Every structure is written in C-alpha cells, then in structure tokens.
2 protein chains.
Amino acid sequence: MVQLMPKINAGRLLSELRRFAQFGAYRTGVHRPTYSKEDMDSRHWLAQQYEAVGLQAHIDGVGNVFGMPPSERRSLLIGSHAESENHAGWLDGALGVMYGLEIARTFAETPDCAGLAVAPVAWADEEGHYVSMLGSRSFISDIDEAEIDQAVNVHHGLPLRDALNTAGLAGVPRSLLEPKRYVGYLEAHIEQGDSLEASGNRIGVVTSIVGIWQYSIAFCGIQNHAGTTRMAVRKDAGVAAATLAMAIAERFPKVAGPRSVWTTGHISLEPGAPSIIPGRAEMLFQFRDSEIPVLERLDTVLRQLVEETAIRSGCRVEIKRTETGKPWQMDPVFQAAIENAAARHAPGAYVRMPSAASHDAQVVARKLRAAMLFVPSIGGISHHWTENTDDADLVLGCQVLADAAETVLRGESR
Amino acid sequence: MVQLMPKINAGRLLSELRRFAQFGAYRTGVHRPTYSKEDMDSRHWLAQQYEAVGLQAHIDGVGNVFGMPPSERRSLLIGSHAESENHAGWLDGALGVMYGLEIARTFAETPDCAGLAVAPVAWADEEGHYVSMLGSRSFISDIDEAEIDQAVNVHHGLPLRDALNTAGLAGVPRSLLEPKRYVGYLEAHIEQGDSLEASGNRIGVVTSIVGIWQYSIAFCGIQNHAGTTRMAVRKDAGVAAATLAMAIAERFPKVAGPRSVWTTGHISLEPGAPSIIPGRAEMLFQFRDSEIPVLERLDTVLRQLVEETAIRSGCRVEIKRTETGKPWQMDPVFQAAIENAAARHAPGAYVRMPSAASHDAQVVARKLRAAMLFVPSIGGISHHWTENTDDADLVLGCQVLADAAETVLRGESR
C-alpha cells in the first residue's frame, strides 16, 4: 500500500517558529515565563491560529490552549508547552507546539488527510515557574484546587492565583481529559543533550522518559567563630556537604546504570559569612534513570553515603526525598509509527533512546497512549538563550511527526 | 616594693555589665548593630558615665566614645568595641568597654592611683556592619573620607553616610590619634574559643593576633540540563568547588602550623536550581595564623590545590586574595605586666596564647604599644546569644587588667 503522505510546508514552519519566538524575544532566545504578558499573548495568538485552521480553540483555566476538531471523531493531541524557562531558548516547548500547529494546517490542506482529526495543544507551565507540568497534570486531573491555592512562583513568590487572575484566567474552567475523545498524544521536543549530535543521528525515537528522584539534604553542625575554634573540635556543616558531594562523585559511577545522571544543583551554607563556621548546610540533589531498580539502588547508596558522612563529620543530617518520579514507557505502536517515518525520511540517521529530561508526555502517558520524538540540540545546549537546532532538522522532525500522526490516525480509523 | 594595688568593685562591675546588656537586649544576649538606636543610646550612656568619673567625654565622627583625663599627663587607653554582631552575645566587645569604665572608676576612687591617667574608649564597628574595625582604623588615620563615602551596611545595604547622619554624627569630626598623648592601649576580650576552658586556665595573655588571609574563589564550568547532559561531558562547577574543599581538608593539616585554622564560610552555585548543572561556583575561604611563613606556605598550597582542581574538573578558575592581614605582636612589656598581674590573682591558671580572632588592638598596635587579655568563653561559644563567661572570671579579668594598667602607668611615670 502506497500512502500519500502529508507534506508539511517547510518555509511556513520555519517562519512561524521565528514569529513565535518574537513573544518575549531575548537575545537569540526567549524570556517567556508562564502567565507573563508575553506568554499570554503567545497563547491568544495560538488560539487564533487554531481557529483559522477550522478548529474550536479555547484557553482553559490554567492556560492550556486546545484546538479541537469540530467532528465527533477521536482526535490525536499533538503539542508541547508554550512558556520558556527564564532567559532561555526559542525551541524548548515552542518546537512541539508549532509542530502541532503546522501538522493541523498540513492535514487541513491535504485532501487525503482531511478526515484525520488532529488536536494541537499548548500546555502551561511544564517548566514549573509555579508548578512543574501544571497544564498536563491539570488535564489528567492530577491536581486539585488546594494545590493551586498554595502554589507560588518559585522565582519571585507571587501566588499562582494572583498570576491566573492577572492573566484573565480566574473563574475559567480547567479542561479535563475525556479519554474516549482521544486516540493519544504525540510530542516533539529538542533533545537538550548532545547524544544525537555526537552519534550523527537526526531523529530520536523516545522509548521512555526517565524518573527523577530528588532529595533535600541538610547537615547540622555547630556554628562558631572561624578564628577561635580549633580545627579539632569543629563540626563544620559545609565540610560535611563537600564530603558527601565527593563521596557521591566517587561511588555513583560504580553503581549507576549506563545512562544514569546525578546532580547537586544547589548548596547553601548558613550563615554564609567568611568568618563563621557554617552551622548548617543544605543541598538539593537528584538522579535520573529510566529503570526503577537502578533508581532504587542509587537511593540505597545515597542513604549509605549520607549516613557515613554524618558519622565522619560529627554533624546531624536530615535527608528527605522530595520527588519520586516514575519512569514512563512510551507506547510501542506509536514508537513504531515514528520510527518508520524516520526510516523513510532520515534512513540510518535515527535512534531509539530514553529521554533524560521530563516532559508533558510522561504525564499524559498515564492516561493516554503517548510517544515522543527528539531533534538534535546544537552542542547539547538548552535552558540557555544560545539553544538552537539546524533548520534542516527542524523541518525533518516536523515531517516525521506528521507522517507518524497520519499512520497513528489511519491505524485508528481502520 | 609592695604596691597598693587598686581594687576593683566586683559587684558594680557585674551589675553595670548587665545594665549595658539592656541596650538591645535579645534573649540572654544582645542585638546592637553599629549606629542602631540601641548602639547610639549605649554610647551616649557611656559618655555620661565617663563624665561622671571626671573625664572629658566625647563621641567622635564615627561613633568612637572617649573619656579623656583632664590633665596633660600621657594616658593609657583601655577599651574595646561597644556594638555587637547581630543577635549575638552580651560580652563580645562590651566586656572590654566596661572594664575600661570600671578601671577608670576604681583609679578615681583610689587615692594612690589618682594621678594615673586612664582613658576609657569604646570603638565603633569592629564587627564590620559597615567597615570592619572602622573606629580604631579611623583613630590611627587608616581610613579616608572616600572609603567612608562608599561603605554600605553588609546586611541591608544602607550607606554608611546615611547611618552616620541618622545617628547624629554627620559633620562631627573624627578624633585622630596624637601618639604623644598616650602611653599605649590595653584591651580585654572574651576568648571566643575554648582553649582556656579546655586547659583549665582563667586568663589568657595575648602574645600576638593572627593574620587573616581571605580568598574569593570562583569556578566556571558549563551550565547545562541536569537530565540530558551525560556525566562524561559535564563541567560541573559545583563538583569542582566540593573537590577543592575536600582537597583543602586533606592537605592543609599536613602543612599548617599547630594553631592554624581554615574555613570555607560560603559556597554558592549558579543558577542554583535542582535540574541545572551549576555553571559557576563561588567560595569564600580564609585561613589564620600568627606566623607569616605559615601564612605564605598555606597560600602556596591553596593555589596548587586550586590549579589541580581546575585541571581535574575541566573548569576555569579565578582566585583572588581579598584580605592579607598581618599578624601583630603584642608589646612585650605590656604582656609582662598582664602576666605578672595574672600570676598574683590566678596563680597557675593563666597562659600565653595568640589570638585567633581579630581585635581593635591589632589596629591600634600599629601606632601605640598595645596588649590584650582574654577571659574564658563558656563552651567556646561566641557570636551567638548564648555566649557567656563565669562571673568569677569576669571579675578576675578586670582585676588583672586594672593591676596591669597600674604597672604600665607607674612604669611610665618612673
């Protein structure tokens, strides 16, 4: 069977991606925090574009933008998140959102695809300015009003409710998933790492999304004068934190999986003055893997190292696991659709890989069949305004996702 | 020769110390930041007390309080600093100030001592809310108006000029040292460490004040995504900082002097988010010793370790020495006067020792003969509201200092 595959409009895709990057333009990237004026402007613009393709567009109570096909046919959600990290790149999130729009446009223009129902979507606050994955979590009913009441902006502390109010979303209902309306969910994203680039591949077919286990670790020593307190009697919480960081650096490579990663993103010493021995040290530590047994093994080793450090340093320690993200497998049929499309358009230049970053797809996957596609990040850079991807890869990724969407929807209609 | 030693009034000393701790009382300590209302109230109260002993009191342009004997005879300065660290102890600084007042009172009441000229003094901002040792540095002409113009409060950023203005000191001249007017300077202070307590001694005769060499060290790595960036390609500035901290902990004990101390008081990772590999890590590091060759050796080893860490971590590094404090020797004749007085009042319970903390005496010592006496700190605690000293030690210290002052002044008049 020879299918007439939908052909995306490469020039339109690239110019619309650049148009979208004007919302909150910052150097060669964007600064478009969730519910900022720039973010809301971009969401209203998206809703207009969805309407123009003949979709029923609406922005829900947490800012998710949906473009719903008018027919009663089950539709395929395609999208990502619209906001950016602070002073970050133009493609993180926006890429998948604009692929959804371009595929909806392409299908609407392609007579053979006109009956295939694509529902483009732009989730809100995947980046967690207020609540990580807020939009997709709201969609699958994984958040309640109490959590929204309590949430504040992690950078400046403004309550989420105030931000929603300013954004004109107070009182607007949140759209909740009705599983029977959807075939599933496809998301495209920049890889954000360098493995595609390093291996010479142009498309990553995501097999799973890693689980992130995150910890808050606090050492309590004895705060004292940095001159008069003899070395022998000190209980320096800062030295304890450094000891733990080094113990992790030595032990984790021996017990981690081949793709495990771990990071101490934050250390603070109290009171933090040059002439005072730190009485308290706080660390934020996380690791990621796509296999639960690996995550559990790293947890065990971490707790051993924390205990050993406490004994060695004479400091008390508190360790709290603040996040226990499950790894999520992507749907195998959807994966195959992406892989087959990649084989047609980029033979020999695609690879199956887990995602080491979190994505809305892992949330939606709890309720719908879902899969993801990656395009390369130049130099592996993301969350920075220099983030970029070759134009040819931007176009290729969209064409592959369009083909995969068609395959999935035709399989559904058979 | 049997001298009629001046006998201090122990009850008065203790009750006046407690009276003074009412200025900015905080739990069992005090919160009396430089130029706060409580600090200025305490200085005006001191000036009144000086006047009441027949001294000519004045508060100079940076808040130093002087009680000058009316005669033309050369006088002995006795004092310390009046302000406290934030939410800190009742004796740090205040002890030496109140010893000066008690000794002036005692000499005024002791016919045999009436001709001995004691000038009590209370320096401003030794603790460095604005400029460390501001008062004593001003007194020896080690600060100019430009530095005062630029200084701001290290905690809340208020300009020093504004604080002086609010304190009623704008336009008041700064009193500058005329060396010929003074015999020298004596200062008493709590030890702030635990060596007197641990060794069962009640008086420390300070031989020297350590030099503090302080460094700002910054590692620059590559900020990146904590999920998608493989461990093998990371340049994690936070790991570099922890590596250096541990290298110091291992190497310094092998090259340090027996009383050297070193401290990393502050570490910050940028951007400090749990899912971002730190691109920059800043450390504040210092060490102290009373011997210049030891300080120089530690400097050399630190720079080696920094270099090794940069190579090992792949991060660039900047190291800047921000403070190069010289150790200061105390005057041997003054030391002997303190030691002899200690031998009379606390036989077998005094010891010669360097000061591991900075004190105004090291500033004044650049221009006048100077010496210091320590009393024990219970549990070695200071810069905390639980700081304390046994009443018996508080009384003993003042009596020893009074005797030493008499010896010094009689030696001068011989």
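Okay, let's start with how the two chains sit together: turn chain B by 180° with 0.1 Å of shift along the axis, and it superposes on chain A with an RMSD of 0.2 Å. That fit is by least squares on the C-alpha atoms of residues with pLDDT of at least 70 in both copies. So the two copies are related as by a two-fold rotation axis. In chain B, the C-alpha nearest that axis belongs to B:A242, 2.3 Å away from it. And the same surface serves both copies, since 100% of chain B's contact residues recur in chain A; contact here means heavy atoms within 4.5 Å.

Quick word on ground rules. This is a predicted model, where local features need pLDDT of at least 70, side-chain atom pairs count only at pLDDT 80 or more, and totals for chains, interfaces and linings use all residues. Residues are numbered from 1 along each chain as its sequence is written, chains are lettered from A and ligands numbered from 1 in the order in which they are written, and side-chain values use heavy atoms, leaving out hydrogens and water.

Now the sheet in chain B. Four strands make an open, antiparallel sheet, in the order β11-β13-β9-β14. Helices (H or I, at least four residues) and strands (E, at least two) are DSSP runs numbered from the N terminus, and two strands pair if DSSP finds at least two bridges between them. Which strands stand at the edges? Those are β11 (261–270) and β14 (316–324) of chain B, each with a single partner strand, so one side of each has no neighbour in the sheet. Strand β9 (residues 211–220) of chain B pairs with β14(B) over eight bridges, and B:S216 has B:K320 in β14(B) as its bridge partner.

Two helices lie across these strands. Helix α8 (residues 237–255) of chain B crosses β9, β11 and β13 (280–289) of chain B, at about 15° to β13(B). Angles run from 0 to 180 degrees between N-to-C directions, with axes fitted to C-alpha atoms, for helices over the stretch in contact.

Last stop, aromatics. Rings of Phe, Tyr and Trp (its six-membered ring) pair if their centres lie within 6.5 Å; planes under 30 degrees apart are stacked, over 60 edge-to-face, the rest tilted. Over all chains, that gives 30 aromatic pairs. Take B:F252 and B:W262: their centres are 5.4 Å apart and their planes at 65°, so they're edge-to-face. B:F252 comes from helix α8 of chain B and B:W262 from strand β11 of chain B, 10 residues apart.
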